[in-house]
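Got the viewer open? Here is a short tour, one selection at a time.

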Amino acid sequence: MTLISAPDGLVVPPGEGRTLVTAAQHVTFKVTGEHSRAASSFEVVVPPGFDVGAHRHTRSEELFYVLEGELDVLAFEPRVRTRDNWREWESASGQRCVRATAGTVIVVPPGCPHAFANVTGDPARMFFQASPPPDHERYFEELFEILDSGPAVDHEAIAELRLRYDIEQLTPLRMTPPGAGGGAAAAR
């Protein structure tokens with residue numbers, strides 16, 4: 001009799017996983033394509049003033065679960081896509097940007113515009129899943145290489161990277177620390 005062995009599962013304790021950190025990003029890889037055919041999973045700390053900007057993916061499906069703090073979020077097609085501020089958007093059915101608190105889940109199907117921003121003075125923490133793997137893993141790795149390559153952010157390199165990984169930017173990415181006037185663009 002031949003015993004068939006199933007693969008082992010994966011347990012990632014709190015605080016564990018490979019972490020990438022910049023001023024605008026704090027991403028811990030929890031589950032990668034090495035362990036799951038369904039999705040890559042991350043724990044993300046969103047600093048005060050970070051706005052990922054509205055964007056969409058034609059192939060990816062995403063799920064966000066707010067663990068701590070508050071984020072302004074949206075996940076809908078607006079009647080009119082303004083280029084500057086997604087928080088002003090409204091859907092044909094009357095949906096608007098909402099304040100997501102701990103326990104809020106946001107599901108984003110392929111093609112759906114979505115965004116999140118931390119407009120509070122405290123960091124927010126969320127669980128983030130992206131399918132299919134390993135696209136978002138590779139995106140984060142390459143993004144951090146660009147952000148670590150020098151003091152000036154190479155916005156053209158980030159724009160090319162986002163296009164390559166199926167991220168159509170609809171409104172600008174921003175990193176405006178609380179109390180700051182304008183804002184330097186950052187990237188998710």
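Before you select anything, one cut-off: a residue is buried when its relative accessible area is under 20%, exposed when that area is over 50%, and partly exposed in between. Glu77, with a relative accessible area of 40%, is therefore partly exposed. Keep in mind along the way that this is a predicted model.

**Stop 1: the annotated domain**

Start by colouring residues 21-141. The UniProt record, an unreviewed entry, lists this stretch as "domain: Cupin type-1". Over that range the chain is 41% strand and 6% helix. Put a distance label on the end C-alpha atoms of the stretch and you should read 11 Å.

**Stop 2: salt bridges**

Next, show the charged side chains. The structure holds 15 salt bridges, and a few deserve a closer look.

Pick Glu43 and Arg125, whose closest N and O atoms are 3.0 Å apart. Glu43 sits in strand β3 (residues 40-46) and Arg125 in strand β11 (residues 124-131), so this pair ties together parts that are 82 residues apart in sequence. Glu43 is partly exposed at 22% relative accessibility, and Arg125 is partly exposed at 21%.

Now go to Arg56 and Glu168, which meet in a salt bridge at 2.6 Å, N to O. Here strand β5 (residues 55-56) supplies Arg56 and strand β12 (residues 168-169) supplies Glu168, so the parts tied together are 112 residues apart in sequence. Glu168 has a relative accessible area of 31%, which makes it partly exposed.

Back to Glu77: its side chain meets that of Arg81 in a salt bridge, 2.9 Å from N to O. Arg81 is partly exposed too, at 35% relative accessibility.

To finish this stop, select Asp51, Glu70, Asp72, Arg87 and Arg99 together. A network of salt bridges links these residues.

**Stop 3: the nonpolar cores**

Hide the charges and bring up the nonpolar side chains. In soluble globular proteins, nonpolar side chains tend to be buried together. Which residues touch the most other members of the largest nonpolar core? Select Val46, Phe116 and Phe140: of the 33 residues in this core, they are the ones. Now colour by element: β2 (26-31), β3, β6 (61-68), β7 (71-75), β9 (105-108), β11, α1 (135-147) and α2 (155-164) each put at least two residues into this core. The largest share, six residues, comes from α1.

Another core, of eight residues, lies apart from that one. To find it, select Phe76, Trp86, Ala117 and Leu170, which are among its members.

**Stop 4: helix α2**

Turn α2 until you look down its axis. Ile158, Leu161 and Arg162 are buried. These buried residues fall within an arc of 100°, so they line one face of the helix. An α-helix has 3.6 residues a turn, so residues three or four places apart point the same way. On the face of α2 turned away from the buried side, pick out the exposed residues Glu156 and Leu163. What lies over the buried residues? The cover includes β5, α1 and β12.

Then check both ends. Asp154 caps the N-terminal end of α2, with a side-chain oxygen 3.3 Å from the backbone nitrogen of Glu156. Following α2 comes Asp166, with a positive phi near 65°.

**Stop 5: two loop residues**

Is Thr171 buried or exposed? Select it in the loop between β12 and β13 (174-175). At 1% relative accessibility, Thr171 counts as buried. A polar atom of its side chain lies 2.7 Å from the backbone nitrogen of Ala54. Leaving aside neighbours within four places in sequence, the contacts of Thr171 are Gly53, Ala54, Thr82, Arg83, Asp84, Asn85, Trp86 and Trp89. You met Trp86 at Stop 3, in the core of eight residues.

Last, jump to Gly69, in the loop between β6 and β7. Gly69 is partly exposed, at 34% relative accessibility. Not counting residues up to four places away in sequence, Gly69 touches Ala100, Thr101, Ala102, Pro123 and Ala124. For a final distance label, join the C-alpha atoms of Gly69 and Ala152: these residues are 83 apart along the chain, and the label should show 30 Å.

Methods: Residues numbered from 1 in each chain as written. Predicted model: local features only at pLDDT ≥ 70, side-chain atom pairs only at ≥ 80, totals over all residues. Heavy atoms only, no water. UniProt positions renumbered as here; feature names shortened; annotations may be inferred. Helix = DSSP H or I, 4+ residues; strand = E, 2+ residues; numbered from the N terminus. Salt bridge = Lys/Arg side-chain N within 4 Å of Asp/Glu carboxyl O. Buried < 20%, exposed > 50% of the residue type's maximum accessible area, 1.4 Å probe, protein only. Core = buried A, V, L, I, M, F, W, Y, C linked by side-chain atoms within 4.5 Å. Arc of directions from axis to C-beta. Contact = heavy atoms within 4.5 Å. Polar contact = N/O pair within 3.5 Å; in protein donor to acceptor, adjacent residues only side chain to side chain.
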